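Here are my notes after a look through this one, set out as numbered points. Have the structure open while you read.

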Amino acid sequence: MTEVLYNCPRCGGLLEADYPGRVLLPENLKAVWRKRRCDNAPVEQSGVWRYREMIPFLDDESHIVTLREGNTPLLAAPGCASWAGLDALVFKHQGFNPTGSFKDNGMTCGVAQAVRLGMKRVACVSTGNTSASMAAYASAAGLQPMVFIPKGNISYGKLAQALEYGALTLQVEANFDQILKLVRVLSEKLGIYLLNSINPFRIEGQKTIMVELMDQRDWRVPDWVVLPGGNLGNVSAFGKGLREMLEAGFIDKLPRLAVIQAERSAPFYEFMEQGGEGDFHAIEEPETLATAIRIGDPISWPKARHEIRTTNGVVESVTEQEIADAKAKVGAAGIGCEPASAATLAGIKKLRAAGVMAADADVVAVLTGNVLKDPDYVFKYHTGALKAPDGTLLTSNYANAPIVVPNDADQIAALLSR
Ligand code: F0G
């Protein structure tokens, strides 16, 4: 596709990449992909482009801009598993990406397409991670990144990244959903390429998170893949990737997808609870301390519904308190993640308690962002000062507050031997 298009001219729905005539030979490709891990060429070192047969939209590989995205680890977390009531739990930690979130998997593809189209400027609205990622990849490609963010509602770690990576950064006095509408108008008016998850090439890149996961597991399909839901681009991408792998014969079944939303930003949860039919009701003023998923009108809900239904998946919502405690548990395991990512563990605990998930289920939870994305949240939690958006003080059940001591060896020794 060499036209700038995000929606289908016929039905108006978001576009989806398709590759008519693509032939995938699973046994051959599994071996080729494994071999590429030992190759030092940047495109083979990329955990996205290594799987390029799954995303064959480029005609010229020189359009690729890679920062060695993907390659994110699977980390066993026995402490988190027992806390949630599972025998075992593995995290796929997307926070190990170059800009610290899963957005890099999609952004390397979105920016490659921007280069392919000869675009000079790219834009996105973001709760912080997309903008950090876009700023890095666009600057690496020599394009001008333009970032639109809700004023006051993104974490400093993410805002800092947009500034440091050279994005023209506009803080708009509106929320994510309102700014997305604004940016769509502006990008059309000014001929700027839009790199939100309405961009089908970003979805293609995020698809490879599931390909890499299966490759890392030697193609053994887990029972569940759990992820947080905001604008619902990621669940759309995961579902598409899984379906394509099943159709081509890389895997023999689909895992069930579980999408977890934050309680006051959970329009998809509410919609699916009602049966997922009829009008979708957006939440006018979404709230959550997990600012990454503070979204009330998720653009990809039709695709997300399709993927939830296809995988016999579920949607759950969790409270601020549940997210905060789950996050501290991920941290105490030596792993750490940002608040939105911790919704996964909180959701697992809830689904386990409700009997939806079995204790011996094979579960992979995707941690979407790095712990350092939102240090302010971490510090407030551990010092007992974390307040929910409605002003109520959360209980810091697993607090680990710093201790102020005098500059005196005897007093410190006395304290430490207590
Ligand atoms: N987790 C993190 C850390 C995120 O940054 C996001 C989305 C999500 C989960 C939800 O993913 O939107 O595909 O359902 N962040 C976007 C942004 C909206 O602008 O960075 P989704």
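1. Start at a spot where two strands meet: Phe 91 has Ala 365 as its bridge partner in β10. Keep in mind that this is a predicted model. The strands behind that pair are β2 and β10 (residues 363-367), which run parallel and are linked by 4 bridges.

2. Phe 91 is worth a second look, since Leu 75 stands opposite this residue of β2 too. Here the neighbouring strand is β1 (residues 74-76), joined to β2 (residues 90-93) by 3 bridges. That pairing is antiparallel, whereas β2 with β10 is parallel.

3. Now the other sheet. In what order do the strands of the open sheet come? Reading across, you get β5-β4-β3-β6, 4 strands with parallel pairing. At the edges sit β5 (168-172) and β6 (193-194), each paired on one side only.

4. For the β6 edge, look at β3 (residues 121-125): 2 bridges tie β3 to β6, in the parallel sense. One bridge pair to click on is Val 122 with Tyr 193 of β6.

5. On to the ligand, which has 20 residues around it. The closest are Ser 126, Gly 230, Asn 231, Leu 232 and Thr 368. Sorted by class, the shell comes out as 11 polar, 7 nonpolar and 2 charged residues. Two helices, α5 (129-141) and α9 (233-248), each give at least two residues to this shell.

6. Which atoms of the protein lie 2.7 Å, 2.8 Å and 3.0 Å from the ligand? Ser 126 puts a side-chain N or O atom 2.7 Å from a ligand oxygen. With Leu 232 the backbone does the job: one of its N or O atoms is 2.8 Å from an oxygen atom of the ligand. Lys 103 has a polar side-chain atom 3.0 Å from a ligand nitrogen.

7. How much of the ligand's accessible area does the protein cover? On its own the ligand has 470 Å² of accessible area, and the protein covers 98% of that. The space the ligand takes up is also the largest cavity.

Terms used:
Residues are numbered from 1 along each chain as its sequence is written. This is a predicted model: local features need pLDDT of at least 70, side-chain atom pairs count only at pLDDT 80 or more; totals for chains, interfaces and linings use all residues. Side-chain values use heavy atoms; hydrogens and water are left out. A residue is near a molecule or strand if one of its heavy atoms lies within 4 Å of it. A polar contact is a pair of N or O atoms within 3.5 Å; within protein, one must be able to donate a hydrogen and the other to accept it, and residues adjacent in sequence count only if both atoms are side-chain atoms. Accessible areas come from the Shrake-Rupley method with a 1.4 Å probe; for residues, only the protein chains shown count as cover. On a 1 Å grid over the protein atoms alone, a cavity is a set of points where a 1.4 Å probe fits but cannot get out, and a pocket is an open set with protein on both sides within 12 Å along at least five of seven lines; lining residues have an atom within 4 Å of a point. A molecule sits in a cavity or pocket if more than half of its atoms lie within 2 Å of its grid points. Ala, Val, Leu, Ile, Met, Phe, Trp, Tyr, Cys and Pro count as nonpolar, Asp, Glu, Lys and Arg as charged, and the others, Gly among them, as polar. Two strands pair if DSSP finds at least two bridges between them.
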